[in-house]
Amino acid sequence: MGFQTACAILQLIRTTEEYPEAEIFRVEGADEAIDFEVRDAQGRPLLLAQAKTRIEPGSWSGPELVRLARRWGAADPGGTAVLRFLSDAPVHPSGQALRDAVTRARAVPDPNRWLAECEDEVPASVGLTVEGHKLLRRLEIETRIGPWEQILDQARLELLRLSPVAMAAAEVDGTVDALFVKMFQWSGDRRLAQRTVQLDELPRILRGRRGRLEAGADTPPGPGRALLRDVPSAAGVRGRDRELTALRERFLGEHDAGMVRAVVSGLGGIGKSSIARLYAHRYRGMYEFVWWIPSDTREDVLAAYRRMVAEEQQEAGTATEEETIAQVGVRLANLGSRLLLVYDNVADRQHLHGLLPSCDGAHVLVTTRDSAWSAADGGLIVERMTADEATAWAGERLPAVSDTEVTTLVDAVEGIPLAIAQATGYIAATQCPVGTYLAELAKCRTRLLDDSGFVQLDYRQGVTLTAAVALSVGKVLDQALRASEGTGQHLAAELLARCSLLAPDSIPLHLATLDLPTGSAVYGAVAELRRYSLVDPRDGVLAIHRIVQEVIRAMLDGDAVNEMQGRFQYELVRRLVECQKQHTWTEAAVLIEHAVHVAHNVRNSGYGNGNTVALLANVAGAIMNVQSDLLRSEALLREALEITKEGGVDNPVYRRAATTCTLAQCLLNQSRFEEAAEAARTSWTLLEGMRSLSTEGVEHLLLAHESDMRAAVAQDQFADVARASTRIEEVLQREEVPPAIALRTRLQQAQVLVWIQYWDSAAMVINQARAEAPTEAETNTELRFLDATIKASMGRVEEGLSITATIPEPTERTVVSITRTT
C-alpha cells in the first residue's frame with residue numbers, strides 16, 4: 001500500500017504541470033485495475049494508472065500487462081488517456097518484449113505492419129492482435145522505481161520546485177505526511193465521489209504551476225506524445241526563442257539529408273544544455289522518440305548505448321564497440337523515423353567520432369564547449385541572452401527591483417544565464433541592494449584575477465561567472481556558521497558540499513543527506529540552496545551545475561573533502577553490497593553513476609585505498625546485474641586491480657582475490673572461459689592461502705570455486721568440474737557458511753550437474769541444499785525448478801509436474817514444458 005500511495009502523491013503534485021487541462025484527480029477508479037486517474041472538465045480520462053509492488057526477483061510478464069491494458073481500454077473507450085503501469089519490480093523477458101512492442105506501436109502507425117514486425121520478437125503467449133495496436137500505443141510501462149520512501153522524497157522535492165509560493169521546510173514535510181494519510185482515507189472509501197478531488201479546490205501549494213504550451217510548440221497533449229528517454233525537465237528555463245528557432249530551421253531545412261546534426265557550443269554556464277532541454281520539450285510533437293545521452297566521455301556514450309541494447313536482449317552484453325553501435329541503430333530504426341538524439345556536454349568532436357548510429361532522418365543535437373567544432377559544422381554558437389530576455393527573466397526573479405537596476409545587474413554578470421541565476425538568487429535571498437551586490441561581485445572578481453589557481457579557467461569571462469558562484473557559495477557557508485545547529489540554514493552548507501562530490505545529475509536525496517539529520521530541516525536546506533540557485537530540484541531528485549561543483553570544491557578544506565569522499569566510498573560499498581544480497585536492483589541503479597564518480601574522484605586525488613577497490617568492484621557487479629554492460633564492468637574491475645598494486649591498500653591480498661573473483665564472473669558472462677578459469681584459480685589460490693577468512697571471504701572463496709567449475713564445464717573439462725566440486729565440498733565442510741550462501745552454492749553445483757546430465761549427483765545436491773538451508777530452501781523457486789527438471793529427467797515425470805504446481809508464473813510454464821518433453 002505504501003508504494004501505491006507514494007506514487008499517487010507524486011502524481012497528484014505533478015498533475016497540473018503534466019496535464020494543464022486536468023480538473024479531477026481520483027484515487028481508486030471505478031475499475032479496481034485503476035489505482036489513480038486524472039480527468040478533464042468533461043470527465044474524459046487523461047491518465048489511468050496502476051502502481052503495484054512485487055518483491056524481486058519476481059517480475060511482470062507480458063500476458064499480465066496485456067490483460068491489464070485491455071481492462072484500462074474498456075474503461076477508456078474514447079482512447080484519450082495515457083495508460084501507465086508503475087512497479088518497483090522488473091519485467092520478465094516477455095514483459096520486456098511487450099514494452100518493445102509498445103514502443104514500436106508508437107513508431108509504426110499501420111497496425112498490420114506493426115503486428116508483422118512484432119511476430120518474431122514477442123512470445124505468442126502475450127496475445128498481440130491488430131486491434132490491440134491502438135491501445136498499446138498509449139501504454140507506458142515504468143518498472144524498477146522506488147522504494148516508496150524515496151518516491152516520497154521525490155514528492156517533497158517536486159513540491160519545492162512546483163509550488164507557486166515559497167514553502168517552509170515544515171510545510172513541505174507536513175503536506176506530504178498529510179497527503180499520505182488522506183490517500184489512505186480516500187482509497188478506503190467505497191463512494192466514488194469521496195475518492196474524487198477537484199484540483200482547483202486543493203490548497204494553493206498543491207496546485208503547482210499550470211503547464212502550458214509555449215508559443216510555436218508542436219507538442220500535442222495526451223497519449224500521442226513522443227516517448228522520452230532520460231530527458232531532464234525544462235521547468236524554469238526561459239527565453240532563448242532565437243536559438244530555438246535557429247535549431248528548428250536547421251533541422252527542418254535539411255530534411256532530405258539523412259541524419260541532420262546541429263552542434264550547439266558556447267562557454268560554460270551560457271545555457272547550452274538548457275537550450276537543448278527546452279528544444280526537446282517544446283518540439284516533442286515533431287518526434288516519435290527523444291533520447292538524452294550524457295556524453296562527458298566517450299565511455300559515457302557507449303554505456304548509454306549498452307544499456308539500451310541490454311534492455312532489448314535481456315542478457316549480458318559482450319558486443320564490440322562497432323557491434324553495439326550497429327545494434328543501437330537497429331533499435332532506433334524500430335522506434336520510428338522521427339528521432340531526436342541529444343548528446344550533452346561532449347568535450348570535443350573526437351569523443352563522438354564514430355559513435356553516431358546509422359539513422360536516416362534522425363536529428364542529432366550536440367552540446368559542447370568546443371566552439372571551433374560548431375563553427376566548422378555550421379552549428380549554433382550560443383552567446384549571452386538577448387537584453388530583453390535577460391532583463392525579463394531577471395526582473396521576474398526580482399520583482400521589487402527597478403528596471404534600471406535589473407539592466408545594470410544583467411550587464412555586470414555579462415548576460416550569462418548561470419551568472420544571472422546566481423546574482424538574482426543571492427539578492428532575493430539576502431534582500432541586499434543591487435549596488436551592494438555589484439560591489440561585492442567586483443571585489444570577488446578582482447581576488448580571482450589575482451589567484452589564477454582558484455579554479456582552472458579556460459576563458460576570461462569565466463572570472464565573472466566564478467565570482468558570482470563563489471559569492472553565493474560563500475554566503476551559504478557563512479550563514480551555516482551563524483545558524484543554530486540542525487536548522488535548514490545550518491544543514492544547507494553540508495548538503496551543498498555533498499552534492500559537489502557526487503555525479504552532477506540525478507542525486508537522490510537519501511545520498512545527498514548522508515550522515516545528516518532527517519526531517520523537515522533537510523527540506524529547509526534544499527529550499528535554501530534553491531533560493532541561491534545552487535541546486536535544482538528536478539524530476540524528484542537534485543541536480544547541480546558542474547561549474548558550481550568545481551567552485552564549491554575549490555572553496556572547501558582539502559582534508560574535509562577527502563574525509564567526505566571517504567565516507568561516500570564506505571557508504572556506497574555498504575549499500576551496493578546490501579543491494580546485491582537483497583536483489584534490490586532498483587536502489588543499485590540509482591547509486592551506480594555516483595559510485596563511479598566518487599571512485600574516480602578519489603583516485604584522481606591520489607588517495608585510492610582499499611575502499612576504492614571495494615567500491616569499483618561492487619559497482620562493477622551492480623552494472624553487470626542492472627545494466628548488463630560487461631565491458632564497462634570489466635574495465636572498472638581491472639582499474640581496481642591496478643589500485644591494489646599501487647600500495648596504500650589495506651589487506652591487498654584479499655582485495656586482489658575478491659576483485660579477481662568478480663572479474664572471473666564477468667569473463668564467464670562474456671564466454672571467455674579460459675580467462676575466466678585463470679581468474680577464478682588466481683582468486684581461490686590467494687584465498688586458500690590466507691590464514692583465516694571472514695564470512696565475506698568464505699563467500700568469495702565459494703564464488704571462485706563455482707566460477708572455476710562453470711568455466712570447466714563450458715570447456716568440456718569434466719575432470720576439472722569434479723575437482724572444483726570437491727573443493728566446494730571441502731569449503732562447505734570446513735568453514736562456517738551461512739545457510740543462504742550454502743543454498744546458493746548448492747544450486748550452482750546442481751545446475752552444472754544438470755548441464756552435464758549427472759542426474760543422481762544433482763538429486764543428491766538438491767537434498768543437501770534442503771538439509772543445510774531448510775528455511776531458505778522451502779520458498780526458493782530456483783531449487784524447485786531444478787528439482788522438477790531432475791525428477792522428470794530421471795523418469796519421475798508426475799513428481800516433477802506436482803512440483804511445478806507450486807512454482808509461480810511464468811517460470812512454471814517453462815518447467816512444465818521441460819518435464820513434458822523430457
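Buried means under 20% relative accessible area, exposed over 50%, and partly exposed in between, with a 1.4 Å probe and protein chains only. Helices (H or I, at least four residues) and strands (E, at least two) are DSSP runs, numbered from the N terminus.

The model is predicted: local features need pLDDT of at least 70, side-chain atom pairs count only at pLDDT 80 or more, and totals for chains, interfaces and linings use all residues. Residues are numbered from 1 along each chain as its sequence is written, and side-chain values use heavy atoms, with hydrogens and water left out.

**Exercise 1. The mixed sheet**

Task: Work out the strand order of the open sheet with mixed pairing, and find which strands stand at its edges.

Solution.

Step 1. Start with the pairing rule: two strands pair if DSSP finds at least two bridges between them.

Step 2. Read off the order, which is S5-S4-S3-S2-S1-S6 for these six strands.

Step 3. Look at the ends. Strand S5 (139–142) and S6 each have a single partner strand, so one side of each is left without a neighbour in the sheet.

Step 4. Add the twist, which averages 15° from one strand to the next. For angles like this, axes are lines fitted to C-alpha atoms, for helices over the stretch in contact, and angles run from 0 to 180 degrees between N-to-C directions.

Step 5. Place the helix. Helix H2 (residues 62–75) packs on this sheet and touches S3, S4 and S5, where contact means heavy atoms within 4.5 Å. The direction of H2 makes about 140° with that of S4.

**Exercise 2. Strand S3 and its neighbours**

Task: Is strand S3 (residues 45–52) mostly covered or mostly open, and how does it pair on each side?

Solution.

Step 1. Check burial: seven of the eight residues of S3 are buried, leaving the strand mostly covered.

Step 2. Turn to strand S2 (residues 36–40), which runs antiparallel to S3 and is joined to it by four bridges. Two pairs to locate on screen are Arg39 opposite Pro45 and Phe36 opposite Ala49.

Step 3. Follow the chain between them. The hairpin of S2 and S3 has four residues between the strands, and Gly43 there takes a positive phi near 85°.

Step 4. Now take strand S4 (residues 82–87), which is parallel to S3 and linked to it through six bridges. Here Lys52 has Ser87 of S4 as its bridge partner.

**Exercise 3. Strand S1**

Task: Which strands does S1 (residues 22–27) pair with, and in what sense?

Solution.

Step 1. Note the burial of S1, with five of its six residues buried.

Step 2. With S2, the pairing is antiparallel over five bridges, and Val27 stands opposite Phe36.

Step 3. With strand S6 (residues 196–198), the sense is again antiparallel, over three bridges. In this pair, Phe25 has Val197 as its bridge partner.

**Exercise 4. The parallel sheet**

Task: Find the edges of the six-stranded open sheet with parallel pairing.

Solution.

Step 1. Write the order: S7-S9-S10-S11-S8-S12.

Step 2. Pick the ends. Strand S7 (227–229) and strand S12 (380–381) have a single partner strand each, so one side of each lacks a neighbour in the sheet.

Step 3. Inspect the S7 edge, where three bridges join S7 to strand S9 (residues 289–294). Leu227 pairs there with Phe289 of S9.

Step 4. Add the helices. Helix H9 (residues 241–253) touches strands S8 (260–265), S10 (339–346), S11 (363–368) and S12, and its direction makes about 155° with that of S8. Helix H12 (residues 321–335) touches S9 and S10, at about 150° to the direction of S9.

**Exercise 5. Helix H35 and its partners**

Task: Describe how helix H35 (residues 781–793) packs with helix H32 (residues 739–755) and with helix H36 (residues 797–804).

Solution.

Step 1. Recall what is needed: two packed helices are described by the angle between their axes and the distance between the axes.

Step 2. For H32 and H35, the angle is about 30° and the axes are 11 Å apart. That makes the two roughly parallel, because angles under 35 degrees count as such (over 145 is roughly antiparallel, 65 to 115 roughly perpendicular, and the rest oblique).

Step 3. List the contact: Leu743, Leu747, Ala750, Gln751 and Val754 of H32 meet Glu782, Leu783, Leu786 and Ile790 of H35.

Step 4. For H35 and H36, the axes come within 7 Å and cross at roughly 165°, which means that H35 is roughly antiparallel to H36.
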